[in-house]
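Visitor: Please take me closely through a single part of this model, the surroundings of one secondary-structure element and the turn that follows, and then relate that part to the rest of the chain.

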Amino acid sequence: MIQLETLHKISYGLYIVTSGDINEGNGFVSNTVFQVTSQPQRFAVCCNKDNYTASLIQQHKAFAVSILAQDASSELIGKFGYKSGREIDKMTDVKVIFRETNVPIVVDDSLAFLECKLVDVFDVGTHWIFIGELVCAEIIDEKSEPLTYAYYREVKKGFSPKNAPTYINQSKLETKTENVMSKKFKCAVCGYIYDEAEEKVKFSDLPEDWVCPVCGSEKSDFIEIS
Ligand code: FE
């Protein structure tokens, strides 16, 4: 028996893994970064073979891991998690620094980072597992809590707490509940579903600058599904 819910009981963090150099950098959101040995200090990162960053890691023989803070913005997560570096330059408008290997290290919304030299690669089918040896590790913000995947999912489901500007209009909400709100809208980028019945605000009443709470896409990227 395989009870799929079991897989959701495994805890993960959320990270931005980057590679490249000052001219060409890219990164992706990963929840599979873990330390594998302490002597030497080596880390594993699992990366889809189709991922643009995968080719950069192999080319530059190094990668960096930015440890996201719990209050990391959905725009940043959306940019690195749901968009391809082949289509957009993800490093635009993102603060990066350089240390030992010259790979760009994202410091926005991150509380610390690791930088590793690539020492091994394992082919696990759809993905590569990159093994890197630690060459630099720094804390950016002592006070922030690291973002966990569980927390991210809770926020995603909850939606309202963090990124819904309309949520502040409680009085508006109450009057709106009397209306029939049964439409659902799906984010074409990440698949997040905005359910009017659940959110108690009509999609059309959301301000134009409202963005997808999961990936930061614009309101115009949503498609009505019911
Ligand atoms: Fe989205």
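Guide: The terms come first: a helix here is a DSSP run of H or I spanning at least four residues, a strand is an E run of at least two, and both are numbered from the N terminus. In these terms, Lys61 belongs to the loop that joins helix 1 (52-60) to strand 5 (62-68). The model is a predicted one, and helix 1 with the loop after it is the part I propose to examine.

At the start of helix 1, Asn51 places a side-chain oxygen within 3.2 Å of the backbone nitrogen of Thr53. Thr53 is itself one of the buried residues of helix 1, which are Tyr52, Thr53, Ala54, Leu56 and Ile57. The cover over these buried residues includes strand 1 (15-20), strand 2 (25-30), strand 4, strand 5, strand 8 and strand 9 (127-139).

Just after helix 1, Lys61 adopts a positive phi of about 55°. The value deserves mention because most residues other than glycine have a negative phi. Asp109 is another non-glycine residue with a positive phi, again near 55°. Asp109 sits in the loop between strand 7 and strand 8 (110-123), and strand 8 is among the elements that cover the buried side of helix 1. Asp109 is classed as partly exposed because its relative accessible area is 29%.

A further backbone feature precedes strand 4, which also belongs to the cover of helix 1. Pro40 occupies the loop between strand 3 (33-38) and strand 4 (41-48), and the peptide bond leading from Gln39 into Pro40 is cis, with omega near 0°. In general, most peptide bonds are trans.

From the loop after helix 1, one can pass to Thr101 by way of Ala62. Thr101 lies in the loop between strand 6 (96-97) and strand 7 (105-106). Neighbours within four places in sequence aside, Thr101 is in contact with Ala62, Glu115, Cys116, Lys117 and Val135. With Glu115 there is a polar contact between the two side chains, at 2.6 Å. Thr101 counts as buried because its relative accessibility is 17%, and the limit for that class is under 20%.

Cys116, one of the contacts of Thr101, leads to the cysteines. A disulfide is a covalent bond between the sulfur atoms of two cysteines; the cut-off applied here is a sulfur pair within 2.5 Å, and by that rule the count of disulfides is zero. For Cys46, the nearest cysteine sulfur is that of Cys47, 7.7 Å away. Cys136 is likewise unpaired, because its sulfur is 9.7 Å from the closest cysteine sulfur, in Cys116, too far for a bond. Cys136 is buried, since its relative accessibility is 9%.

Other cysteines serve as donors to a metal. The iron ion has as its protein donors the SG atoms of Cys187, Cys190, Cys212 and Cys215, at 2.3 to 2.4 Å. The angles among these four donor atoms run from 104 to 114°, and the site is tetrahedral. Along the sequence, the donor residues follow the spacing C-x2-C-x21-C-x2-C. Two of the donors may be singled out for their burial: Cys212 is buried because its relative accessible area is 0%, and Cys215 is buried because its value is 1%.

Glu199 is found in helix 6 (residues 196-199). Glu199 counts as buried because its relative accessibility is 8%. Its C-alpha is 9.3 Å from that of Met181, a residue 18 places away in sequence.

To set the part in its context, the protein chain contains six helices and twelve strands. Of its 226 residues, 41% are buried. Among contacts between residues at least 6 apart in sequence, 62% join residues at least 24 apart. As to confidence, the mean pLDDT of the chain is 86, with 88% of residues reaching 70 or more. Residues 157-178 call for caution: the pLDDT there is below 50, although this stretch has 34 contacts in the model beyond near neighbours in sequence.

Notes: Residues numbered from 1 in each chain as written. Predicted model: local features only at pLDDT ≥ 70, side-chain atom pairs only at ≥ 80, totals over all residues. Heavy atoms only, no water. Buried < 20%, exposed > 50% of the residue type's maximum accessible area, 1.4 Å probe, protein only. Polar contact = N/O pair within 3.5 Å; in protein donor to acceptor, adjacent residues only side chain to side chain. Contact = heavy atoms within 4.5 Å. Donors = N, O, S within 2.8 Å, 3.2 Å for Na, K, Ca; no water. Tetrahedral: all angles 85-135°; square planar, octahedral: opposite > 155°, others 65-115°. pLDDT = per-residue confidence, 0-100.
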